[in-house]
Amino acid sequence: MWAADLDSLPIATDLYPLSEDEKRRTARFRGERLQHRFAAGRSLLRHVLGDLLNLPPDRVAFHYGSLGKPTLDPLAHAGAGPLHFNVSHCEEQIVIAATLTAPIGVDVEKLRPLSDEPELASRFFESGEIAEYFSLPAALRNQGFFNAWTRKEALLKARGDGLQTPLDSFRVSLDPRTPCEVRAFTSLPESPSDWSLISLSPSPRSIAAIAIRANRLRLHLARIPPPIYATL
């Protein structure tokens with residue numbers, strides 16, 4: 001896993017190894033900061049995958065599914081093997097996860113107050129998660145909310161479902177004082193033992209989760225620049 005503050009990366013976007021499509025997408029963002037964050041994030045993803053594939057970053061080719069999730073182009077990388085990756089960003093924070101093991105998903109969010117947080121939890125969380133959320137001390141509820149949100153998003157991204165699958169179709173832990181885990185599937189043909197979840201803090205005010213369809217996981221963390229704050 002790689003994590004970075006995009007605002008700390010070089011701003012000379014013309015030096016980034018972007019495709020023509022990525023350059024057009026960069027230009028569609030309003031404002032230099034948003035353009036820089038997108039270009040720097042795509043460049044970092046290309047460098048990470050290029051290192052894993054032993055290719056120059058501009059030789060990495062992507063394919064986009066119906067939900068917009070990028071994967072390696074199977075025609076351009078026919079002999080690359082089963083490299084799974086996922087990427088998430090929130091404002092300046094980006095997290096990239098890659099593995100040869102199984103489909104993987106990652107989500108990152110900035111810890112921040114939400115005026116409608118209890119309503120969002122009641123609307124989208126599974127019944128056991130709702131009970132756990134409202135049982136938390138007030139000081140822990142915001143982190144508990146984002147624990148649940150990032151863990152659920154990461155698992156759905158690993159499955160490739162996006163938000164087409166209801167968030168209340170499975171239950172994750174959210175109490176910061178308890179282990180990070182999938183606890184139950186209520187309407188999906190899955191077992192909690194099929195999955196591993198990891199929660200971590202890429203920066204002091206952000207929280208992320210990684211989900212992988214595997215029951216054992218060894219995680220290597222890289223902060224660009226270091227350090228990374230992790231809770232495994």
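Is R159 buried, partly exposed or exposed? In this predicted model, R159 comes out as partly exposed, because its relative accessible area is 22%, and the cut-off for buried is under 20%. Its salt-bridge partner falls on the other side of that line: E190 counts as buried, because its relative accessibility is 16%. The two side chains meet with an N to O distance of 2.4 Å. R159 sits in helix α5 and E190 in the loop between β8 (182–185) and β9 (196–201), so this pair ties together parts of the chain that lie 31 residues apart in sequence.

Helix α5 itself is worth a look. It runs over residues 138–159, 22 residues in all, and spans 32 Å from its first C-alpha to its last, close to the 32 Å expected at 1.5 Å a residue. Just after the helix comes G160, with a positive phi of about 85°.

Now for the rest of the charge pairing. Side chains of opposite charge can pair when their charged atoms come close. The structure holds 14 salt bridges. One of them joins K110 and E91, with the closest N and O atoms 3.4 Å apart. Here K110 belongs to strand β6 and E91 to the loop between β4 and β5 (93–99), so the pair links parts that are 19 residues apart in sequence. K110 counts as buried because its relative accessibility is 12%, whereas E91, at 45%, counts as partly exposed.

Next to K110 in the numbering, E109 forms a salt bridge with R112, and the closest N and O atoms of that pair are 3.4 Å apart. E109 is buried, with a relative accessible area of 13%, while R112 is partly exposed at 30%. Elsewhere, E22, R42 and R46 are linked in a network of salt bridges.

On to the empty space. Rolling a probe the size of a water molecule over the atoms shows where such space is left. The largest pocket has a volume of about 710 Å³ and is lined by 30 residues. Nearest its centre lie G68, P70, V87, H89 and K157. Several elements have a hand in the lining: α2 (32–53), β3 (70–72), β4 (84–90) and β6 (104–110) each supply at least two residues. Of the contributors, α2 gives the most, with 6 residues. As for chemistry, the lining of the largest pocket divides into 11 nonpolar, 10 polar and 9 charged residues.

Finally, there is L6, which lies in the loop between β1 (2–5) and α1 (20–28). What is in contact with L6, once its neighbours within four places in sequence are left aside? The list is H36, R37, A40, G41, E91, E92 and I94. Among these partners is E91, the residue already met in the salt bridge with K110. L6 counts as buried, because its relative accessibility is 2%. As for D58, which is 52 residues from L6 along the chain, the two C-alpha atoms are separated by 19 Å.

Technical notes: Residues are numbered from 1 along each chain as its sequence is written. This is a predicted model: local features need pLDDT of at least 70, side-chain atom pairs count only at pLDDT 80 or more; totals for chains, interfaces and linings use all residues. Side-chain values use heavy atoms; hydrogens and water are left out. Helices (H or I, at least four residues) and strands (E, at least two) are DSSP runs, numbered from the N terminus. Buried means under 20% relative accessible area, exposed over 50%, partly exposed in between (1.4 Å probe, protein chains only). Contact means heavy atoms within 4.5 Å. The expected span of a helix is 1.5 Å times one less than its number of residues. On a 1 Å grid over the protein atoms alone, a cavity is a set of points where a 1.4 Å probe fits but cannot get out, and a pocket is an open set with protein on both sides within 12 Å along at least five of seven lines; lining residues have an atom within 4 Å of a point. Grid points are joined across faces, edges and corners, and a volume is the space filled by probe spheres set on the points. Ala, Val, Leu, Ile, Met, Phe, Trp, Tyr, Cys and Pro count as nonpolar, Asp, Glu, Lys and Arg as charged, and the others, Gly among them, as polar. A salt bridge is a side-chain nitrogen of Lys or Arg within 4 Å of a carboxyl oxygen of Asp or Glu.
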